[in-house]
Amino acid sequence: MIKLIPKPAKFETRYGEFFIDKDTKIYANEKAMFAIEIFNELLAKHCNFKLEVVDNEKSAKLKFIHDINLDEEEYIIDCDTDVLVIKHATSAGAFYAVQSIRQLTKIDILNDATKLSMHAVYIKDLPVNKWRGFMLDESRWFFGPTVVKDLLDMMAMFKLNVFHWHLTDNVGWRIEIKKYPNLTEIGPYRRGTQNVAWGKPNEIDNTPHEGFYTQDEIKDIVKYAKDRNIMIVPEIDFPAHFVAAIASYPELSCTGKQIEVSPKHFEFAKIIACAGKESTYQFMYDVIDELSELFPAPYFHIGGDEAPKDEWKKCPLCQDVIKKENLSDEEELQGYVNNKLAVYLKRKNKKLIGWNEILKSKKLDNSIIAQYWTYQKDKRVIEHLEAGREAIISKHQAFYFDMPYLQNNLQTTYNYTHEKYGLKDYPGTLGLECALWTEWIFSGERMQFQLYPRLFAFSEVAWTPKESRNYTEFNERLKDFLPTLKAMGKIHCPLELVDSCKLKSIFAPLIFTKKDAHFEYKKAQEFRRKQMHDK
Ligand SMILES: [Zn+2]
């Protein structure tokens, strides 16, 4: 067994051990420099030494060799007892090789060690999915740069490469847009937070919540991610999930009525952007203009989900567009809106992504990418993919980590296959993405509880060939990794609670949505206290 998550595509273990100490020299090429910097940081932290990079290949025991025959994210580790050779075509390949060595040497659990060791091994590794994403919702809860950078580090350690950043929604606008100062004067602030469950809208914690990213902070985080082979895709939800924008600029809605950024998740949720005013489109174009300067990714997410059409039905301006453009109904009006934005984004070499509800409109631009999240089967996604268009798969049952483990357990995540959900490996499937919505996640620790270990299982689903995946064996590697996680100062859901019995899980969604969204976390804390006591 190789002690690595995600499991590499191909490997064979060899006889003997390879050692690294302060006298080990590195021979490297330009593309490996950032990976070496990261490795040296780890060495300095856990072993009090750094390795010297030398020009003479013969004197080096650790060699980074540039090999253009390899794929973009591919790497080879060819390690016997005397020498460790890493082959890579890009900086991403070198970085992933170092992340593998990091896990294999267990450097994170060392303290003042004088040398590192790993079993001799041959690994030839590359991912099955080009898109291995994680979505964080910071509208509902703002965590800030430190938590986000820490998450990016964890993503990188597990070879995930897309950070989908949900920056705006009804309960908070979290990014500076210079042309619209109210978005950061009014949009990020709310006077309290609905804090018990969706079914209890009147239970509010009256502590004000606020926070947003300046454009300079965004630039810094985008660079931090890029160095770690992570592309950031921003999401500006539109036309629904848009209350924080409307609270900042009421003229964006059909009625123009002043509303507040509400502490309640569903208050004002029916108030959406007016599709009949040119100024609404101008607003989105301006936002896209500023964000395009910050996020170089060739994608832009506009959400587009859960858009109630009550306001559009009553609004003369919206109805005028329907008539003028010969649209059959309000659903087609949303399609019209999406197409306008898609065309605008194309000029900036970006493709529009939206949640799969946007496929309700039949006349969508061919370039639009659907992100398939809904619990229910959506035939439109299959039609969309069969027509040769693109999608990202984020099925709720397997990849929504804000749900209790009793509902979306570790095994369901790990055993994900397209076939289980009526899908195939269509050419247009860009890859997989998991999500963390934060209605009930008010701290970094709670976030870790929801994510770990499900995020690790996800990394293997996204990276490793289906034929090589095995849940029992994954659990062995997971247990082996947990001391490292602990040494990194992170918590996780106790393994005793990650896979539930069927009977209990029947009631979980009901308790979670109606009564207490924190019941499982409380149970885990109790479980941990009991464990400590028993020791
Ligand atoms: Zn309107």
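Two residues are in contact if their C-beta atoms, placed from the backbone, lie within 7 Å. Keep that in mind for the exercises below, and remember that this is a predicted model.

**Exercise 1. Find out how the two domains of the protein meet: how many residues of domain 1 are in contact with domain 2?**

Solution.
- Start with the division: domain 1 covers 10-125, and domain 2 covers 131-523.
- Next, look at the spacing. The C-alpha centres of domain 1 and domain 2 are 36 Å apart.
- Now apply the contact rule: eight residues of domain 1 touch ten residues of domain 2.
- Which helix gives the most to the domain 1 side? That's α2 (residues 91-105), with four residues.
- Finally, sort the domain 1 side by class: you get five nonpolar residues, one polar and two charged.

**Exercise 2. Work out whether the protein is as compact as a globular protein of its length.**

Solution.
- Begin with the secondary structure, which comes to 18 helices and 19 strands.
- Then compare sizes. The globule rule gives 24 Å for 535 residues, and the protein's radius of gyration is 24 Å, so it is as compact as a globular protein of that length.
- For the outline, the C-alpha trace spans about 75 × 55 × 45 Å along its principal axes.
- Check the burial too: 45% of the 535 residues are buried.
- Last, take the contacts with a separation of 6 or more: 72% of them are between residues 24 or more positions apart.

**Exercise 3. Trace the strands that pair with β7 (residues 115-125).**

Solution.
- Take β1 (residues 10-21) to begin with: nine bridges tie it to β7, and the two run antiparallel.
- For a sample position, pick Glu12, which sits opposite Tyr122 in β7.
- Move on to β5 (75-79). This strand also runs antiparallel to β7, with five bridges between them.
- Which residue of β7 is the bridge partner of Ile77? Ile123 is.

**Exercise 4. Place Asp71 and decide: is it buried, partly exposed or exposed?**

Solution.
- Locate Asp71 in the loop between β4 (62-66) and β5 (75-79).
- Count its neighbours: 15 other C-beta atoms lie within 10 Å of Asp71.
- Compare that with the cut-offs. A residue is buried at 20 or more such atoms and exposed at 12 or fewer, so Asp71 is partly exposed.
- Leave out residues up to four places away in sequence, and Asp71 touches Ala89 and Leu126.
- Then try Thr90: it's 19 residues from Asp71 in sequence, and their C-alpha atoms are 8.3 Å apart in space.

Note on methods: Residues are numbered from 1 along each chain as its sequence is written. This is a predicted model: local features need pLDDT of at least 70, side-chain atom pairs count only at pLDDT 80 or more; totals for chains, interfaces and linings use all residues. The radius of gyration is taken over C-alpha atoms; the globule rule is 2.2 Å times the number of residues to the power 0.38. Domain bounds come from an automatic or database domain assignment. Ala, Val, Leu, Ile, Met, Phe, Trp, Tyr, Cys and Pro count as nonpolar, Asp, Glu, Lys and Arg as charged, and the others, Gly among them, as polar. Two strands pair if DSSP finds at least two bridges between them.
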